[in-house]
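Visitor: Could you take me through one part of this model up close? I'd like to see a single sheet and whatever packs around it.

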Amino acid sequence: MPDAPTVVVVGAGIVGASIAHSLVQRGWSVTVVEQYTPGHVRGSSHDTSRVLRLSYGGGRDIDVWYTRRAWRARQLWQEIGVEEGIELFHNVGVVWFARGEAEFEEQSARSLEALGLPVERLAPEAARDFFPDVRCDDLEFVLHEPSSGVLRARLGVLTLMRRALRAGARLRIAKARPDAKGRAIVDGKVLPADQTIWACGPWLGRWFPHLVEIESVRQNVFYFGVEPHWRTPGLPVWVDGGAYGAGDIDDSGFKVGGALGAAPVIDPDLADRPPDPEAEQAARWALAHRFPALAGAPLVSRHVCQYELTADQHFLLAPVPGSGGGWLAGGGGHAFKFGPAFGEYAADVIEGGEQPLPEFGLGPREKYQSKESATPGQLARQHR
């Protein structure tokens, strides 16, 4: 019987954990190297919750790919939760507050309908059916994704890692650096493997600066104290231009995050990362504007949620040139929801069963341009 193929996965965030989980299930001998700990606060996968949405606009093949893969991820998150006896995905729905021209929401509605996925385009007043108190007089319509919802983020990463370890994967806490062939060097020694997958999030740009342009940017997240009827499950996820959030999950507080101000590039190893005061002002404005009853809600906690972003916000999954076994995986800033579905896709590509999408390759990329409404930070400055 031939020996199992071997792989070293560098990084135990959502991308690394998902790929390791998929490959070990397929019989690979897997070693995960993580410099801190799975789900650590400096990584892009850290937070209490993350949104699982299906809307990705429309009109391009890659938009359809994201939507279909998000639907597959929904199925896998539910299956894993059932197998583990925990609820990783709360199917509470996602409500988009469509303002202005609402190009993104209009395209998303048409795309979801064409794919036969659940979606409702509702009148602005329908927002009152979802929330205890909500302003809707500035909306064009409400887009409702009834089959979407929220993921328990850090728990999801840890669950994937625990499953991988139970299946035979090994976890090594150490710092890895690439050699000229894309192999991992730990404590001065090369870790031998048939494949080495660099899924190290914002550190990708640091270790492969001549191959990829990935920035680590700061996103601010705030949690506010609310009464029990503002909890999730119960309330859906909400998206309002550049802001988004969910009700109180696991007693963490009512979440407000997203484009709440500037998103400066930060050092991913920086331990002290206080949120921007301007972002807190924008979060409070967004909360009071959309949910007037929460205007005076007390702040429970705040932290910086780190995103690694490629220029066009598409994923990265590409071989290291000339390596004969090295891969780069990650990027995009919106990877969490895909989790096990991205791991499944990456495993198919690495095993040669599927071709990598050209959008995920190396080389220059065009700057991403958002089609969503103005951000809460912009609106807050307009109303000072």
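Guide: Happy to, and let's start with a helix. Helix H7, residues 339–350, lies across strand S13 (195–198), S19 and S20, and runs at about 15° to S19. Keep in mind that this is a predicted model.

Now for the sheet under discussion. Six strands make up an open sheet, in the order S9-S2-S1-S13-S20-S19, and the pairing is mixed. The edges belong to strand S9 (170–173) and strand S19 (316–319); each has a single partner strand, so one side of each is left without a neighbour in the sheet. On average, neighbouring strands here are turned by 20° against each other, direction ignored.

Zoom in on the S19 edge. S19 pairs with strand S20 (residues 326–330) in the antiparallel sense, over four bridges. If you want a spot to put your cursor, Leu-316 stands opposite Gly-330 in S20. As a general reminder, strands of a sheet pair through backbone hydrogen bonds, either parallel or antiparallel.

Next, the side chains. Ile-197 is a good one to click on: leaving out residues up to four places away in sequence, Ile-197 touches Val-7, Val-8, Val-9, Val-10, Ile-19, Leu-23, Trp-327, Ala-329 and Ile-350. Ile-197 also turns up in the largest nonpolar core, which has 75 residues; Val-30, Trp-77, Ile-197, Leu-317 and Phe-342 touch the most other members. The element that gives the most to this core is helix H2 (residues 61–84), with eight residues. There is a second, separate core too, with 26 residues, including Val-142, Phe-224, Leu-235 and Ala-283.

What about empty space? A search of the whole structure turns up two cavities of 30 Å³ or more. The largest holds about 400 Å³ of space. Its lining counts 34 residues, and Gly-13, Ala-199, Cys-200, Gly-201 and Trp-203 lie nearest its centre. Strand S2 (29–34), which you met in the sheet order, supplies at least two residues of that lining, and so do helix H1 (14–25), strand S10 (176–178) and strand S18 (299–310), each of them.

One last stop, at another strand: Val-239 sits in strand S15 (residues 237–240). Val-239 has a relative accessible area of 9%, so Val-239 counts as buried, the cut-off being under 20%. Val-239 and Val-95 are 144 residues apart along the chain, yet their C-alpha atoms are separated by 6.3 Å.

Technical notes:
Residues numbered from 1 in each chain as written. Predicted model: local features only at pLDDT ≥ 70, side-chain atom pairs only at ≥ 80, totals over all residues. Heavy atoms only, no water. Core = buried A, V, L, I, M, F, W, Y, C linked by side-chain atoms within 4.5 Å. Buried < 20%, exposed > 50% of the residue type's maximum accessible area, 1.4 Å probe, protein only. Contact = heavy atoms within 4.5 Å. Pairing = 2+ DSSP bridges. Axes fitted to C-alpha atoms, helices over the stretch in contact; angles between N-to-C directions. 1 Å grid on protein atoms, 1.4 Å probe; cavity = no way out; pocket = protein on both sides within 12 Å on 5 of 7 lines; lining within 4 Å. Points joined across faces, edges and corners; volume = space filled by probe spheres on them.
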